[in-house]
Amino acid sequence: MTTATALATAATDDAPVLEGHDLIKTYEVSRGIFGKPGIVRAVSGISLSLAPRKTLAVVGESGSGKSTLGRMLALIEPPTDGRLAIAGEDVTGVYGHRLKTLRRSVQMVFQNPYGSLNPRRTIRATLEEPLVVNTDLAADERHARALDMLARVGLRPEHAERYPHMFSGGQRQRIAIARALMLNPRIIVLDEPVSALDVSVRAQVLNLLADLQQEFGLAFVFVSHDLSVVRHIADDVMVMYLGGVVEQAPKEAIFADPRHPYTRALLSATPVADPGRPRDRIVLTGELPSPFAPPPGCSFNPRCPMAIDRCRAEKPLLHGEDGRLTACHLAD
Ligand SMILES: Nc1ncnc2c1ncn2[C@@H]1O[C@H](COP(=O)(O)OP(=O)(O)O)[C@@H](O)[C@H]1O
Ligand SMILES: [Mg+2]
């Protein structure tokens, strides 16, 4: 390699693998036979940038739009509006063979691996399937690769000929992770990957994910309704509320100095690492408003203990500096 190309490689090493700009996703849903169809804004204008080996955690209550964002980032559903780029290549409007190739670079792991593994297929067939569809590897090469990946997720070669029901929840999630890795993706979107697992198994799967991230240089988008789950694995945290981002910052800042009242409320609900340290608890009351009829002003204002008149009238924009962004009139 010449010096010039070495430099070029080094310079692009930390270039973002995933970028979203003002991503929007709306769904038209019918509301009964007499109701006019309504428009749900599941994701309303989200921007992000993710570098290799980094983890962006996306947190928020159920219904805040996390899975919808995840499906767009994983190229499962196209955005209604906005732009998405993978390794610098704009994905918007890409289709056919090129889209198929790009899709290989982003894989998704879901909360319930039992639902995503075919019960009638051996683990080996499940792991080999992406290779059958996307590569021209010979049968023995596919087999070798499946066994290798099983080992990397902590399972044994004899597991290959077994069926999903013969495994524990934690083992099934390991298998789902192995399948996601079969095509050498650069990005994995993990949607509540440990939420269905026993607490005792969670840490093991999280440690496995951290190891695989380093080994394969993966970028993670890690979706969770529970902030405490992302405490160790996240580099940056994006807090979503009703389809939008209310706060986005490096993990340390989110946990040590949360600025948005909603982030503080989510933190109040998680176990305290240092019980000796006093902190102002914000208890969340009420429910997430209907995405059909978001409240005027700040979408969090009906539940916010600090809301002032301005919060009910004017929507706060996400703003800040040095990667610390907040959408709150009172956070400055
Ligand atoms: N395919 C869909 N059709 C209609 N509405 C949807 C669809 N997917 C999600 N939604 C709505 O979008 C909002 C966000 O959902 P979702 O992304 O699943 O949130 P989360 O993963 O944070 O729980 C919810 O109000 C949900 O009902
Ligand atoms: Mg979800």
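Trainee: A polar contact is a pair of N or O atoms within 3.5 Å; within protein, one must be able to donate a hydrogen and the other to accept it, and residues adjacent in sequence count only if both atoms are side-chain atoms. So how far is an oxygen atom of ligand 1 from a polar backbone atom of Gly 65?

Mentor: That distance is 3.0 Å. Keep in mind that this is a predicted model, where local features need pLDDT of at least 70, side-chain atom pairs count only at pLDDT 80 or more, and totals for chains, interfaces and linings use all residues. Residues are numbered from 1 along each chain as its sequence is written, chains are lettered from A and ligands numbered from 1 in the order in which they are written, and side-chain values use heavy atoms, without hydrogens and water.

Trainee: What about Ser 64 and Arg 71, how far are they from ligand 1?

Mentor: A polar backbone atom of Ser 64 is 3.1 Å from an oxygen atom of ligand 1. With Arg 71 a polar side-chain atom is involved, 3.5 Å from a nitrogen atom of ligand 1.

Trainee: How much of ligand 1 does the protein cover?

Mentor: On its own, ligand 1 has 560 Å² of accessible area, and the protein covers 67% of that (Shrake-Rupley method, 1.4 Å probe).

Trainee: Which elements supply the shell around ligand 1?

Mentor: Strand S1 (18-29), strand S2 (38-50) and helix H2 (66-73) each give two or more residues. H2 has the largest share, 4 residues. Helices (H or I, at least four residues) and strands (E, at least two) are DSSP runs numbered from the N terminus.

Trainee: How many residues surround ligand 1 overall?

Mentor: There are 14, and Gly 63, Gly 65, Lys 66, Ser 67 and Thr 68 are the closest (a heavy atom within 4 Å).

Trainee: New topic. What order do the strands of the 4-strand sheet take?

Mentor: The order is S2-S1-S4-S5, an open sheet with antiparallel pairing. Strands pair if DSSP finds at least two bridges between them.

Trainee: Why do S2 and S5 each have one side without a neighbour?

Mentor: They stand at the edges with a single partner strand each, so one side of each is left without a neighbour in the sheet. S2 pairs with S1 over 10 bridges, and Ile 24 stands opposite Ser 44 in S2.

Trainee: And the 8-strand sheet, which strands are at its edges?

Mentor: That open sheet has mixed pairing, in the order S6-S7-S8-S3-S9-S10-S12-S11. Its edge strands are S6 (106-109) and S11 (319-321), each paired on one side only.

Trainee: How do S3 and S9 run, parallel or antiparallel?

Mentor: S3 (residues 55-59) and S9 (residues 236-241) run parallel, joined by 4 bridges. Val 58 stands opposite Met 238 in S9.
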